[in-house]
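Open the structure in your viewer and keep the sequence panel beside it. Each stop gives a selection, then what is there.

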Amino acid sequence: MATFVIVGAGLAGAKAAQTLRDEGFDDEIVLIGAENERPYERPPLSKGYLQGKSEREKIFVHTADWYAEHHIDLRLGLRATRLDLDSHTVRLSDGSRQPYQKLLIATGSSPRRLPGPARYLRTVQDSEALKERFAQGGRVIVVGAGWIGLETAAAARAAGCTVTVVEPEPTPLHRVLGRELGEIFAGVHRRNGVELRLGTAVAEITQTGVRLSSGERLEADLVVVGIGAAPDTGLAVDAGLDVSDGILTDAALRTSDPDVYAAGDVAESFNPLYGRRLRVEHWANALNGGPAAARSMLGQEVVYDRVPYFFTDQFELGMEFSGDVEGYDEVVFRGSVDDLEFVAYWLRDGIVVAGMNVNVWGDVVGEIQELIRSGVKVESRELSSGHR
């Protein structure tokens, strides 16, 4: 009997286990998770669940009895501490050794941290603690104006807190969206009472707030840090797998060892659509990457070339983003930016590389992704008018 082991019981790992069963794999599946909670989805932790708009049970990938019903050996509260590629075994934190024929690493990522007393948002317990703290009101400083930082700021403001966001870049989301869209997000937050301190960094976190790189001190009752995440590659590094920003894989999500695969936040996978490796931390990558890795483990022909996708809701702005803006040289808008009902297109040499629909729904995402996949040159006036 073959044993397939999945290290990492998040969305990618849970969906990989489900896909193995859906594809007819009847042998042993072992799903190992470091947390004590069964697999759950992380986007609600900084969105609806943090704001008290969704119930706890709705964050879980499967019902509590699903794993036993599908004969999946779910082992929670355990970490994989060592991977031996030669003997095909994984050593666990309880001292046991788990053999495997095929192994999927889906260990995700961990928040980048700063010295000093601060809160972070990664687990369901983190989200619950922040929700409880926000309900008490007071002054909140959020360090970092990326997706997590801005969503956390929006949740704190909705709870009635006084909120200041500190970000060293000139706009929020500057590295992932560029200046043009960053300024739009800045405007949304300012209109909703969030103070933005841009172009300055946090030099120190203290018991009473933060000290900025300029020397200025900002007082706060709570400091939340959201400055990105680092992939949990330790297991792969120690085993000798090829690792860069994440665990390197080919387009079939195979690592440098033919019996080991990687998916989700931890994987830096070759994407044929872009002609280079990408490490994507968003929900859709875990949702789709886990099943793709499972099929690859079964020997099926897999080419994982998804267009990166992300969504967010902040105050009156709801949006979906597709693509990768790296190297863009133009942004074209269709619709009304002032009314926050528009589609934005990022172009490089006349080719659409990314798109975002803001408060515009329907099959806009499909249209954007089709444009990205086509790789054809388009005229800016055609995009702005909607006539192609």
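This is a predicted model. Start with E37, in the loop that runs between β2 (28–33) and α2 (43–46). Is E37 buried or exposed? E37 is buried, because its relative accessible area of 17% falls under the 20% cut-off.

Now show what surrounds E37. Setting aside neighbours within four places in sequence, E37 is in contact with R56, F60, L76, V124 and Q125. Two of these deserve a distance label. Which side chain lies 2.6 Å from that of E37, in a polar contact? The side chain of R56 does. The side chain of Q125 also makes a polar contact with that of E37, at 3.2 Å. Next, add G77 to the selection. G77 is 40 residues from E37 in sequence, yet their C-alpha atoms are 8.1 Å apart in space.

**Select Y40 and F60**

F60 has already appeared as a contact of E37. Turn to its ring. The structure holds nine aromatic pairs. In one of them, the ring centres of Y40 and F60 are 6.4 Å apart and the planes stand at 90°, so the pair is edge-to-face. Colour the two loops. Y40 is in the loop between β2 and α2, and F60 is in the loop between α2 and α3 (66–69), so the pair ties together parts that are 20 residues apart in sequence. Y40 and F60 are both buried.

**Select α4, residues 124–134**

V124, another contact of E37, brings you to this helix. The buried residues of α4 are V124, S127, L130, R133 and F134. What covers them? Show α2, β9 (139–143), α5 (147–158) and β15 (222–225), which are among the elements that do so.

**Select β4, β5 and β6**

Switch to a cartoon view. These three strands form an open sheet, ordered β4-β5-β6, with antiparallel pairing. Which strands are at the edges? β4 (80–84) and β6 (97–99) are, each pairing on one side only. Neighbouring strands here are turned by 25° against each other on average, direction ignored.

Zoom in on β5, residues 89–92. β5 pairs with β6 over three bridges, in the antiparallel sense. For one residue pair to label, take V90: its bridge partner in β6 is Q98.

**Select α7, residues 179–191**

This helix has 13 residues. From first C-alpha to last, α7 reaches 18 Å, close to the 18 Å expected at 1.5 Å a residue. Which residues of α7 are buried? They are L181, G182, I184, F185, A186, G187, V188 and H189. After α7 comes G193, with a positive phi near 90°.

Keep F185 selected and add W147, W283, F310 and F311. Together these five form one aromatic cluster. W147 is at the start of the α5 range, 147–158, and F185 is one of the buried residues of α7.

**Select β12 and β13**

Finish with a hairpin. It joins β12 to β13 through two residues. β12 covers residues 202–206 and β13 covers 209–212. How many bridges pair these strands? There are four, and the pairing is antiparallel. Label E204 and R211 here: R211, in β13, is the bridge partner of E204.

Terms used
Residues are numbered from 1 along each chain as its sequence is written. This is a predicted model: local features need pLDDT of at least 70, side-chain atom pairs count only at pLDDT 80 or more; totals for chains, interfaces and linings use all residues. Side-chain values use heavy atoms; hydrogens and water are left out. Two strands pair if DSSP finds at least two bridges between them. Axes are lines fitted to C-alpha atoms, for helices over the stretch in contact, and angles run from 0 to 180 degrees between N-to-C directions. Buried means under 20% relative accessible area, exposed over 50%, partly exposed in between (1.4 Å probe, protein chains only). Contact means heavy atoms within 4.5 Å. A polar contact is a pair of N or O atoms within 3.5 Å; within protein, one must be able to donate a hydrogen and the other to accept it, and residues adjacent in sequence count only if both atoms are side-chain atoms. The expected span of a helix is 1.5 Å times one less than its number of residues. Rings of Phe, Tyr and Trp (its six-membered ring) pair if their centres lie within 6.5 Å; planes under 30 degrees apart count as stacked, over 60 as edge-to-face and the rest as tilted.
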